[in-house]
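Please open the model in a viewer and keep the sequence panel in sight. The tour proceeds by selection, from single residues to the whole chain.

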Amino acid sequence: SDRRNNHQYTSGSFLGRAGLKSNKHTNAYREINGAADGFPGWTVDRYDKWLLVQHDDDYERGPLPSLHDGATVGVYYFSTERDRSITGAKKGIKPMLLEGKPAPDMVPIKENGIEYHINFDDLSTGIFLDQRSQRAWLARHCNTDTKVLNCFSHCGAFSIAAATAGAETVSLDLDKKWLDRVEPQLKANGINNDDGRHDCIYGDCFDWLRRLGKRGSKFDIVILDPPSTSVGGKKKKRWSAKNDYDELVSLAAPLVKKGGLLWTTTNSNQIHPIKFARLCKKGLVSAGLSDSKLEKVAPMPSDLPSIGAQPVKNLVWRIP
């Protein structure tokens with residue numbers, strides 16, 4: 001309540017976002033993050049000159065603090081439900097233009113000096129703003145000797161970040177339309193892929209983890225960022241992060257080189273951070289890697305505050 005009653009807009013920014021607003025290297029971030037900013041059911045994301053509003057109709061509409069700051073040309077909006085899986089299951093749902101100019105088919109954005117591409121033709125824009133810190137880590141710490149496997153890669157944002165530092169990448173996803181957006185983003189960052197250092201594999205992640213394991217493939221970093229629920233594996237069974245994440249870890253961990261890193265992430269609000277850590281540890285034990293150490297609990301960016309446990313859990317494991 002204090003955040004809501006005492007909020008102040010400073011040059012079009014809201015509750016501490018002034019630093020992001022003035023950052024010449026980043027123009028995509030969250031301006032309002034729902035209840036944690038005093039406005040339940042109301043989130044506002046900036047993508048360069050466009051705003052994307054997500055609104056749970058059970059709550060009142062909130063503000064658009066940067067609407068008239070001279071840097072906004074259009075506002076997109078879509079109505080969500082408290083259970084996001086219901087919204088995601090509906091066909092043909094996409095944001096609508098609420099006011100202003102429509103965005104082009106592909107909008108280039110900047111994040112820490114790296115160019116990514118997004119659009120408003122789907123429930124997902126193509127990048128998850130809550131992983132900005134993790135992408136920054138990859139861009140800082142990878143090098144030409146680093147090999148990264150990006151599972152459930154979506155549009156390949158993790159891969160793009162690592163590639164800008166010279167890393168070799170493999171992006172794995174079940175949806176070809178997302179993978180088709182990896183190559184243009186590489187080119188936008190001046191990365192020539194004629195040498196084939198950046199591969200995209202279209203297929204089921206569970207099946208491909210098994211295949212890569214049989215081949216003896218090894219990576220310095222393996223990233224797991226699956227949806228909360230999915231259909232995967234040879235039997236195409238319904239998989240959920242809250243019940244089956246350990247299975248995923250047991251398949252992925254053996255692909256990490258000795259001394260390498262396994263990144264485990266979930267955005268499932270049904271998994272408490274401690275339970276998530278236990279699921280990951282169970283998978284590591286199943287893979288015969290019980291000596292793996294939890295090296296880092298990665299926090300959310302400052303523009304995504306939370307009430308209680310953070311909704312997105314990022315755990316980094318060092319594989320012995």
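Begin with Asp-48, which sits in the loop between β4 (42–47) and β5 (50–56). The model is a predicted one. Display the backbone here: the phi of Asp-48 is near 55°, a positive value in a residue other than glycine. As a general background, most residues other than glycine have a negative phi. With a relative accessible area of 25%, Asp-48 is partly exposed.

Select Asn-112 next. This residue is in the loop between β8 (107–111) and β9. Asn-112 is not a glycine, yet its phi is positive, at about 55°. Its relative accessibility is 39%, so Asn-112 counts as partly exposed.

Now turn to the aromatic side chains. The structure holds eight aromatic pairs. Show the rings of Tyr-76 and Phe-120: their centres are 4.4 Å apart and their planes meet at 10°, so this pair is stacked. Planes under 30 degrees apart are what the term stacked requires. Which parts of the chain does the pair tie together? Tyr-76 belongs to strand β6 (residues 74–80), whereas Phe-120 lies in the loop between β9 (114–118) and α4 (132–141), so the parts joined are 44 residues apart in sequence. Both Tyr-76 and Phe-120 are buried.

For a pair with another geometry, select Trp-239 and Tyr-245. These two residues form a tilted aromatic pair, 6.2 Å from centre to centre and with 45° between the planes. Are these residues buried or exposed? Trp-239 has a relative accessibility of 1% and therefore counts as buried. Tyr-245, at 0% relative accessibility, counts as buried as well.

Extend the selection to Phe-152, Phe-206 and Phe-276. Together with Trp-239 and Tyr-245, these residues are linked by ring pairs into a cluster.

Move next to Asp-194, in the loop between α7 (182–188) and β12 (198–202). Asp-194 is exposed, its relative accessible area being 73%. Add Asp-45 and draw a distance between the C-alpha atoms: Asp-194 and Asp-45 lie 35 Å apart in space and 149 residues apart in sequence.

Finally, zoom out and select the entire protein. Colouring by secondary structure should bring out ten helices and 18 strands. How do the overall dimensions agree with those of a compact globule? For 320 residues, a compact globule would have a radius of gyration near 20 Å, and the protein has 20 Å, which agrees. Taken along the principal axes, the C-alpha atoms fill a box of roughly 55 × 40 × 35 Å.

Colour by accessibility, and 51% of the 320 residues count as buried. With the surface switched on, the protein exposes about 15,100 Å², of which carbon and sulfur atoms supply 49%. Displaying contacts shows how the chain is connected: among those between residues at least 6 apart in sequence, 60% join residues at least 24 apart.

As a last selection, show the charged side chains. There are 46 positive and 38 negative side chains, and the centres of the two sets lie 5 Å apart.

Definitions and conventions: Residues are numbered from 1 along each chain as its sequence is written. This is a predicted model: local features need pLDDT of at least 70, side-chain atom pairs count only at pLDDT 80 or more; totals for chains, interfaces and linings use all residues. Side-chain values use heavy atoms; hydrogens and water are left out. Helices (H or I, at least four residues) and strands (E, at least two) are DSSP runs, numbered from the N terminus. The radius of gyration is taken over C-alpha atoms; the globule rule is 2.2 Å times the number of residues to the power 0.38. Buried means under 20% relative accessible area, exposed over 50%, partly exposed in between (1.4 Å probe, protein chains only). Contact means heavy atoms within 4.5 Å. Accessible areas come from the Shrake-Rupley method with a 1.4 Å probe; for residues, only the protein chains shown count as cover. Lys and Arg count as positive and Asp and Glu as negative; His and the chain ends are not counted. The place of a charge is taken as NZ of Lys, CZ of Arg, CG of Asp or CD of Glu. Rings of Phe, Tyr and Trp (its six-membered ring) pair if their centres lie within 6.5 Å; planes under 30 degrees apart count as stacked, over 60 as edge-to-face and the rest as tilted.
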